[in-house]
Structures are given as C-alpha cells and as structure tokens.
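Me: Please take a close look at one part of this model, the one where polar contacts with a bound molecule are to be found. Please then connect it with other parts of the chain, in terms that a first-year student can follow.

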Amino acid sequence: MEIKVTKASSDQLKAKPTDESKLGFGDLLTDHMFLMNYEAGKGWFDPRIEPFHDLQINPAAMVLHYGQEVFEGLKAYRGKDGRINLFRPAKNFERLNRSARRLCMPEVDTDLVMEGMKQLILLDKEWVPHSPGTSLYIRPTMVATEPHLGVRPAQSHLFYIIIGPVGAYYKEGLNPVRIYVEDFFVRAAVGGTGEAKTSGNYAASLLAAEEAKEKGFTQVLWLDAKERKYVEEVGTMNMFFLIDDEVITAPLTGTILPGVTRESVIRLVTDWGLRVSERSLAIDEVVQAAKDGRLKEAFGTGTAAVISPVGQITYMGQNFVVAGGKMGDLSQRLYDEIVAIQYRQKPDPYGWVEMID
Ligand SMILES: *Cc1c(COP(=O)(O)O)cnc(C)c1O
C-alpha cells in the first residue's frame, strides 16, 4: 500500500523548541502525523501522512463510550553522528497487535506502520533533538471510531502516529524516586487487560496515583489484585528488585505490561552472569529483605525513563530506604549500557538498534 504524503505549508509549521535543556515530556508535537482507517470487510486503507491536525470525531464514536483504544510508546534517538535510530521498534508493533486482539480491534500490518512511522520521522527529522538524554517520543494509537451506542466491537477504527521531542522523563532526573505500595486499589487482575497497553488501565490507576502524590510519592507500586500480596509493577514501568544476588521481576501472568525495557534488562543481566528470576515476589519478602539489609536495589524500567531507581518504599505506614536513597550500581550500569546502545555510543551486540536514515 502506498503512503500518500501531504506536507504542511510554511504557515502551518510550528515553532521548534529553542532550548533543548528545557524539554519536558509529552507536551510538544511535530508538524505531521501518520493516519490510516479501517472498516470491517474492507480492512485498513488510506495510509497517509498529513499536517498535524485535530481529529474530527463523532460524539457517539465507540472509543469515547466503551474505551476501545490501544497505544504504544517508543523513541527515536539521534547519535553523535546526527543520524537517527530506533530501539527494538518491531517489539512495540507486535505488542500493539496483541493489545488490539485483546480489545477486539483489528491488527495492523507491522511493515506498513513501521514504514509510515519512519517516513513521518524523516519528514519531521529537524524535530529530533540533539542533546544527550533527549529523544523523539513516538505514540502509535488506535481508536474505535464507529458511531454507535451499544456495547460490541466497533466496525471502524482509526490508527495514527504522533511524535514529539522529549527531555528526561522525571523531573528528578536519575534521582531515586519514592514509591508507595498500594494496599487497597488494584491495577489488573488475572484474566483482565493488564498486559494490554489500553487507555482504561491508566484511567483506573489515576485515583491511587493522585492520593499517593498528595502524600509526597512519585509512583504507586501495585500489588496483585487477588491477595494484595505480590509486587507487580509501577505506573508505566516494570519493577526489578535486587535481593542478595538475585535480580527479581514479576512473571508475565497477564496482569503486567510486558515491557521492551524489561526484556532488554533481563537479557543484559543474564549475559552479565547475574541470577535473574521472573517469579512471584511477596511484598513481605521485600520488606523483610529491606529490614535485613539484603534489599540492595529496586528500580523501574520503561521506554520513557529507561531505568528509574527507587530510593524509598513505603508499605502500610512503614518506610524503607533502598540503596541508601541513592542510585545503585546495577541500576547505574543498566542505565549506562542501555543508553549507550540507544545512542550508538557502544557496539550493539543484540541487533536492538535500527537506523532509519
Ligand atoms: C509501557 C508500559 C511499561 C513499559 O514498557 P516499555 O516497553 O519498557 O516501555 C510498563 N508498564 C506499563 C503499565 C506500561 O504502560
């Protein structure tokens, strides 16, 4: 399928950020977007790149009522040579299709959307920032557009990709964050939609996150929905704990998002000869390890922040300082390694990096 390109006229072009050190996350979007439509019986059609614009949507569009939506998040990085690359992008589109299946939405042709994404980035490549730590965030999104009041899978959908320059994800930068172990609200149950990147999961998480924020915490650490006993993940990151010499992360049982960064971290620490376990980890085990001084590190992993070290964990009113409230050695090593691969400062033995220009 050919991708039709309509370029923005000069008066449609937006002002680019002048100071890259002030880039935030998720506020700026570039001059163009990729779109395509789907109709049942016809499939996907009309893949195109257009000047960035608002969507016109019927007030009865099913996404607005029944939440049929899936999305992705990945980044394009600019190396020192000025060339642009992606990090394991196929993983994101495979996951998008898994999320879509879970939400009864149509799968996309991953080659086509990858091509559309690359063309979009190249068209707006002046927007890809140059400073260390900055990147171009990419947000592929699918929404149910069929106007219909009544719960059933929609017959028409829109897929689009929007992109924008971003700085470091956390205001604190790499300073360790304080996390609140949520003992009442839950994020996802076995059999639910926890492993899909779909809007409803995030809407459902807001109240707990707001209450935690009011108490001074950066993130909520979710426990399993059934027993409120096992650690799962935080807001938009998977979680790892280093207890003694074992690196532990929750298993993929359907309740957590199977992160690309999570998988990359597992691969790296395995290759570094550390013991990695994808296993159920009770919060009581974390607390006991913290009390005994055996909880060496805890960190979140995700595209936005890469590695986010945890400096304090609060559970049932008890505070535990992790790694002296500093970034631990393993967290730092992982961060350095992944960032070096992403910005092509180091050889990429895994074939994770994909050049686009
Ligand atoms: C996106 C996301 C992650 C991280 O996934 P990456 O592929 O590593 O970016 C983890 N948990 C949740 C809930 C997410 O939405």
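Reply: In this predicted model, the side chain of threonine 261 places an N or O atom 2.6 Å from an oxygen atom of the ligand. The side chain of threonine 303 likewise has an N or O atom 2.6 Å from an oxygen atom of the ligand. Valine 260 takes part through its backbone, where an N or O atom lies 2.7 Å from a ligand oxygen. Altogether, 15 residues surround the ligand. The closest of them are Lys197, Tyr202, Glu233, Thr261 and Thr303.

Two of these names lead on to leucine 74. Thr303 is one of the residues in contact with leucine 74 once neighbours within four places in sequence are left aside. The others are Pro89, Asn92, Met117, Leu136, Tyr137, Ile138 and Pro140. Valine 260 is 186 residues from leucine 74 along the chain, yet their C-alpha atoms are separated by 9.3 Å. Leucine 74 belongs to strand S5, residues 74–78. Its relative accessibility is 2%, so leucine 74 counts as buried.

Another buried residue is found in strand S8, residues 156–166: this is histidine 157. Histidine 157 counts as buried because its relative accessibility is 1%. The side chain of histidine 157 reaches the backbone oxygen of alanine 154 at 3.2 Å. Beyond four places in sequence, the contacts of histidine 157 include Met36, Asn37, Gln68, Met105 and Thr145, and also Tyr38 and Trp44.

Tyr38 and Trp44 lead to the aromatic rings. Ring pairs join Tyr38 and Trp44 with Phe34 and Phe159 in a cluster. The count of aromatic pairs comes to eleven. One pair may serve as a worked example: the ring centres of phenylalanine 87 and tryptophan 352 are 5.6 Å apart and their planes stand at 75°, so the pair is edge-to-face. This pair links distant parts of the chain, with the two positions 265 residues apart. Phenylalanine 87 is in strand S6 (84–87), whereas tryptophan 352 is in the loop between helix H8 (329–342) and strand S18 (353–355). Phenylalanine 87 is buried, at 7% relative accessibility, and tryptophan 352 is buried as well, at 6%.

Rings also meet charged side chains. The charged end of lysine 14 sits over the ring of phenylalanine 52, at 4.0 Å from its centre. Lysine 42 lies over the face of phenylalanine 45, at 3.7 Å from the ring centre.

Helix H7, residues 283–292, offers a further view of burial. Its residues Ile283, Val286, Val287 and Ala289 are buried. Seen down the axis of H7, the buried residues fall within an arc of 165°, so they line one face of the helix. Glycine 293, just after H7, takes a positive phi of about 75°.

Lysine 4 provides a contrast to these buried residues. Lysine 4 lies in strand S1, residues 4–5, and is exposed, with a relative accessible area of 56%. Apart from residues up to four places away in sequence, lysine 4 touches Pro47, Arg48 and Ile49. Its C-alpha atom is 6.6 Å from that of proline 47, although 43 residues separate the two in sequence.

Methods:
Residues are numbered from 1 along each chain as its sequence is written. This is a predicted model: local features need pLDDT of at least 70, side-chain atom pairs count only at pLDDT 80 or more; totals for chains, interfaces and linings use all residues. Side-chain values use heavy atoms; hydrogens and water are left out. Helices (H or I, at least four residues) and strands (E, at least two) are DSSP runs, numbered from the N terminus. Buried means under 20% relative accessible area, exposed over 50%, partly exposed in between (1.4 Å probe, protein chains only). A polar contact is a pair of N or O atoms within 3.5 Å; within protein, one must be able to donate a hydrogen and the other to accept it, and residues adjacent in sequence count only if both atoms are side-chain atoms. Contact means heavy atoms within 4.5 Å. Rings of Phe, Tyr and Trp (its six-membered ring) pair if their centres lie within 6.5 Å; planes under 30 degrees apart count as stacked, over 60 as edge-to-face and the rest as tilted. A charge sits over a ring if NZ of Lys or CZ of Arg is within 6 Å of the ring centre and within 35 degrees of the ring normal. The arc is that of the directions from the helix axis to the C-beta atoms. A residue is near a molecule or strand if one of its heavy atoms lies within 4 Å of it.
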